[in-house]
Each structure stands twice: as structure tokens, then as C-alpha cells.
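User: I am new to reading structures of this kind. Could you walk me through the core and the strands, one feature at a time?

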Amino acid sequence: MNIDQQLLSIIVCPACHGELAPASDGVEELVCQGCGNAYPVRDDIPVLLVDEARKPA
């Protein structure tokens, strides 16, 4: 995953407006530090749609 750090500093979770961070397990997704939703990253573009998010367990 090759997302610009400047972009990561300004995008937030669309559900709770929490900070997003790259997944620690190597999966290409951004995980919300607030609600835990995981948003996929496709072709280095974050898909920030709540309907596309993987919900926390």
C-alpha cells in the first residue's frame, strides 16, 4: 500500500470522524482508531464508504 502520508493526515473515518491508520497485519486497508471499521484500499486509493467497511469483531 502506497498512500501519501500527507493524505493520511487529513482523511478521517466517515462514520465517526476518527483517525485512520494502515492495518498492522499487512492487509491493504485503513483501520479507524475510534470505531474500528476497516476500509479497503484498492489500487492505492482508500475506499471510504461505510457500506464497504469491514466491521470490527
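User: Which residues make up the largest nonpolar core?

Analyst: A nonpolar core is a set of buried Ala, Val, Leu, Ile, Met, Phe, Trp, Tyr and Cys residues joined through side-chain atoms within 4.5 Å, where buried means under 20% relative accessible area, exposed over 50% and partly exposed in between, with a 1.4 Å probe and protein chains only. Here the largest such core has ten residues, namely Ile 3, Leu 8, Ile 11, Cys 13, Leu 20, Leu 30, Cys 32, Tyr 39, Val 41 and Ala 53. Strand E2 (29–32) and strand E3 (38–42) are the elements that give two or more residues to this core, strands being DSSP runs of at least two residues, numbered from the N terminus. This is a predicted model, in which local features need pLDDT of at least 70 and side-chain atom pairs count only at pLDDT 80 or more, while totals for chains, interfaces and linings use all residues. Residues are numbered from 1 along each chain as its sequence is written, and side-chain values use heavy atoms, with hydrogens and water left out.

User: Why is E3 largely enclosed by the rest of the structure?

Analyst: Four of the five residues of E3 are buried, so this strand is largely enclosed.

User: How do E2 and E3 pair?

Analyst: Two strands pair if DSSP finds at least two bridges between them. E2 and E3 do so over three bridges in the antiparallel sense, with Tyr 39 of E3 as the bridge partner of Leu 30. Five residues lie between the two strands of this hairpin, and Gly 36 in the turn has a positive phi of about 90 degrees.
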